[in-house]
Amino acid sequence: MASHIVGYPRMGPKRELKFALESFWDGKSSADDLKKVAADLRSSIWKQMADAGIKYIPSNTFAYYDQVLDTTATLGAVPPRYGWKGGEIGFDTYFSMARGNATLPAMEMTKWFDTNYHFIVPELGPDVKFSYASHKAVDEYKEAKSLGIDTVPILIGPVSYLLLSKPAKGVEKTFSLLSLLPKILAIYKEVVADLKAAGASWIQFDEPTLVKDLDSHQLQAFTAAYSELESSLSGLNVLIQTYFADVPAEAYKTLTSLKGVTAFGFDLVRGAKTLDLIKDGFPKGKYLFAGLVDGRNIWANDLAASLSTLQALEGIVGKDKLVVSTSCSLLHTAVDLANETKLDNEIKSWLAFAAQKVVEVNALAKALSGQRDEAFFSANAAAQASRKSSPRVNNEAVQKAAAALKGSEHRRATNVSARLDAQQKKLNLPILPTTTIGSFPQTVELRRVRREYKANKISEEEYVKAITEEISKVVKLQEELDIDVLVHGEPERNDMVEYFGEQLSGFAFTVNGWVQSYGSRCVKPPIIYGDVSRPKPMTVFWSSKAQSLTKRPMKGMLTGPVTILNWSFVRNDQPRFETCYQIALAIKDEVEDLEKAGITVIQIDEAALREGLPLRKSEEAFYLDWAVHSFRITNVGVQDTTQIHTHMCYSNFNDIIHSIIDMDADVITIENSRSDEKLLSVFREGVKYGAGIGPGVYDIHSPRIPPTEEIADRINKMLAVLEQNILWINPDCGLKTRKYAEVNPALTNMVAAAKLLRTQL
Ligand code: GLN
Ligand code: ZN
């Protein structure tokens, strides 16, 4: 019985690649230094998998920046503006495409399916001259071989590559990306020939787009592509790997009929429905790579359950044709549990990061072939049992409260226009009221204070004093700027999810549980392991303090349940919505405590609501329904005079506009400055959206200071589509990453623009 790993994290157990990349980019180390770090990481990963007993070990799973960009380099598909002159693509061109350079912006980046990983979107037009311009795949294969390890080189499959691309500027509307298939296949043939010559006996094509909603024309492209490659592939074992969801029935038919292919890889964690398709028919004599160890999460595998699934599959495909694998690349999980020094042993026994998952895959493969590691299996069974019954996981009161939610839609009794009237009587705001999204610049000094308090190096008293001073400064500044609805600036928060997670029960935090988000950037998601509850108020102390410093309304500032959920590692022992409802109840308690403390405007950020959208259209409605319901639960209990704001950091929600409206917030602030006014007409036309709306009037992602006239102009354009009495004036997002030297003049201009327009209305 064989074992296989779909792909592996590149950053290293302590983010070695991140630091090497950033030092190289800063000119502090050489290209050779960077290459050395990368080669050491690769060799240690290969050795680790070989030592664990993995048979099919991946290569070309490493990337300096991104695996899709690597494919773009392999194909020589460099957009002309980067001035590449041909030949092998070097760091200069590669990193210019990834990050931009002194004169050119980077290529566009977007989310990799429904993960938090972002890839560089290929830009392809009819004139691209493809050439075999990066030999990375074969170089890595040879590198592993020289270490005595025979690997399975991975390439992003040709059809997925094209389906993930976008048409180059100028041909957006007219160009069919799939028309490039013959041209890129010519390069794929060269790569395959090279790999064969180097001695490869297996090759893996990642074709994850097969799990999406594809039409027959798109499916047909797979058939055409692999027929075209068939003769080049002869003599090789070819694995087509899918992941992130089940393969729909039509796609399954196409996939399993592909010519020249010997093996199919499926995500059987997120794509459990694929099991039925396999049971209904799997091509004779082909290999099945069964992805049973979850690459998207940090939980230890339920080995007994996986083993019984594997035994059933064995009956279908035969003993020698079944390979145990991960559900997807381990890129999306943390690297090594061995480096977690702060988690207690009980929680650790429930977890498996990438390094541990490799061992699990191998243990399953060995058990299937009759060499079951009894000690390993019984320790695993004990951990599974302790997780199920642990009082740290189960809180009956929370479970009951969450179960009781299902009977109601949790809608505020009064409609939004009437509520806004009641609120205006209390708040007495000018027309076009100004506000900000929450955070103010986080200085080095501020970070130091938080760090030292956490490390017990300064007393609580000193900490409170320092944070209070910071809040006073921010309040004073906003009063001077004459902003209408103030914020406290969030100086006590390191991260908008972590801050709440640390105060809620049911959450655990790692010290090295980093996951690559893009390039050298990593995130460290909290782990939600148990029923969520709020032992005590989380923000009331700081919000009340801030409110006491001013007569103007001070916004209470919370992160919403859906965002907390989507930015964490979530339990796999109950549906996501259950966990979301529990978080919603905890936030509800906080909202009500803020209201009691005299906070009359409360913002509940749902920055990540859209990110949670499932990959398939058929599942969207269900997700949006419970996500939006969770948001409403948080604030259904407040009085009409309490104003609920929400904020979202994206503007492309034309498709989910009805859900946004269904959240029933009083005021919604959104990112808008980088998009056009089309979005606003959606608000106006689609539904009579009576609530306040604050489409960001300037881009906080750039250090540029927007002139007053420019902001006034933007506001004027918004007024052309939105009623003046519902329009709010605010930046795109929080100001955390900016400097005061940028924030002061930008906000000055923003307020000036609002005042200018007030005189003209
Ligand atoms: N209130 C948060 C802030 O201002 C919102 C951040 C976000 O939307 N990502 O930083
Ligand atoms: Zn935002």
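**Exercise 1. The shell around ligand 1**

Task: Determine how the residues of the shell around ligand 1 divide into nonpolar, polar and charged, and state which residues come nearest.

Solution. In this predicted model, the shell around ligand 1 is made up of six nonpolar, four polar and three charged residues. The shell has 13 residues, of which Ile437, Gly438, Ser439, Ala607 and Gly734 come nearest to the ligand.

**Exercise 2. The protein as a whole**

Task: Establish how the radius of gyration of the protein stands against the globule rule, and describe the contacts between residues at least 6 apart in sequence.

Solution. Begin with the secondary structure: the protein contains 27 helices and 21 strands. Its radius of gyration is 27 Å, close to the 27 Å given by the globule rule for 761 residues, and the protein is therefore as compact as a globular protein of that length. The C-alpha trace spans about 80 × 60 × 50 Å along the principal axes. Next, consider burial: 49% of the 761 residues count as buried. Finally, turn to the contacts. Among those between residues at least 6 apart in sequence, 80% join residues at least 24 apart.

**Exercise 3. The eight-stranded sheet**

Task: Give the strand order of the open sheet of eight strands, and explain which strands have one side without a neighbour in the sheet.

Solution. The order is E1-E12-E11-E10-E9-E8-E6-E2, and the pairing is parallel. Strand E1 (2–3) and strand E2 (57–59) stand at the edges; each has a single partner strand, so one side of each lacks a neighbour in the sheet. As background, strands of a sheet pair through backbone hydrogen bonds, either parallel or antiparallel.

**Exercise 4. Strand E10 and its partners**

Task: Identify how many bridges join E10 to strand E11 and to strand E9, and decide whether the residues of E10 are buried or exposed.

Solution. Consider the E11 side first. Five bridges link strand E10 (residues 263–267) with strand E11 (residues 287–293), and the two run parallel. Within this pairing, phenylalanine 264 stands opposite leucine 288. On the E9 side, three bridges join strand E9 (residues 237–241) to E10, again running parallel. Here leucine 239 has alanine 263 as its bridge partner.

The burial of E10 follows from its residues: five of the five are buried, so the strand is largely enclosed by the rest of the structure. Ala263, Gly265 and Asp267 point one way, Phe264 and Phe266 point the other way, and all are buried.

**Exercise 5. Two buried strand residues**

Task: For proline 58 and aspartate 605, justify the burial class, then list the contacts of proline 58 and of aspartate 605.

Solution. Proline 58 is placed in strand E2. It has 27 other C-beta atoms within 10 Å, and the threshold for a buried residue is 20 or more, so proline 58 is buried. Leaving out residues up to four places away in sequence, proline 58 touches Ile5, Val6, Gly7, Tyr8, Thr151, Val152, Ile154 and Gln204.

Aspartate 605 belongs to strand E18 (residues 601–605). With 25 C-beta neighbours inside 10 Å, aspartate 605 also counts as buried. Apart from neighbours within four places in sequence, aspartate 605 is in contact with Met496, Leu558, Thr559, Gly560, Thr563, Thr646 and His647. One of these, leucine 558, is 47 residues away along the chain, with 6.2 Å between the two C-alpha atoms.

**Exercise 6. Annotated positions**

Task: Locate His701, covered by the "active site" annotation, and two positions of the "binding site" annotation, and assign a burial class to histidine 701, lysine 18 and tryptophan 567.

Solution. The unreviewed UniProt entry annotates His701 as "active site". Histidine 701 lies in the loop between strand E21 (692–695) and helix H26 (708–719). It has 14 C-beta neighbours inside 10 Å and counts as partly exposed.

The "binding site" annotation of the unreviewed UniProt entry covers Lys18, Asn116, Arg521, Cys522 and Trp567. Lysine 18 sits in helix H1 (residues 16–25) and is partly exposed, with 18 other C-beta atoms within 10 Å. Beyond its neighbours within four places in sequence, lysine 18 contacts Met11, Ser520 and Cys522; the last of these, Cys522, is also covered by the annotation.

Tryptophan 567 is found in the loop between helix H21 (561–566) and helix H22 (576–596). With 22 C-beta neighbours inside 10 Å, tryptophan 567 counts as buried. Not counting residues up to four places away in sequence, tryptophan 567 touches Val497, Pro525 and Ala608.

Methods:
Residues numbered from 1 in each chain as written. Chains lettered and ligands numbered in written order. Predicted model: local features only at pLDDT ≥ 70, side-chain atom pairs only at ≥ 80, totals over all residues. Helix = DSSP H or I, 4+ residues; strand = E, 2+ residues; numbered from the N terminus. Rg over C-alpha atoms; globule rule 2.2 N^0.38 Å. Buried ≥ 20, exposed ≤ 12 C-beta atoms within 10 Å, placed from the backbone. Contact = placed C-beta atoms within 7 Å. UniProt positions renumbered as here; feature names shortened; annotations may be inferred. Pairing = 2+ DSSP bridges. Near = placed C-beta within 6 Å. Nonpolar A, V, L, I, M, F, W, Y, C, P; charged D, E, K, R; others polar.
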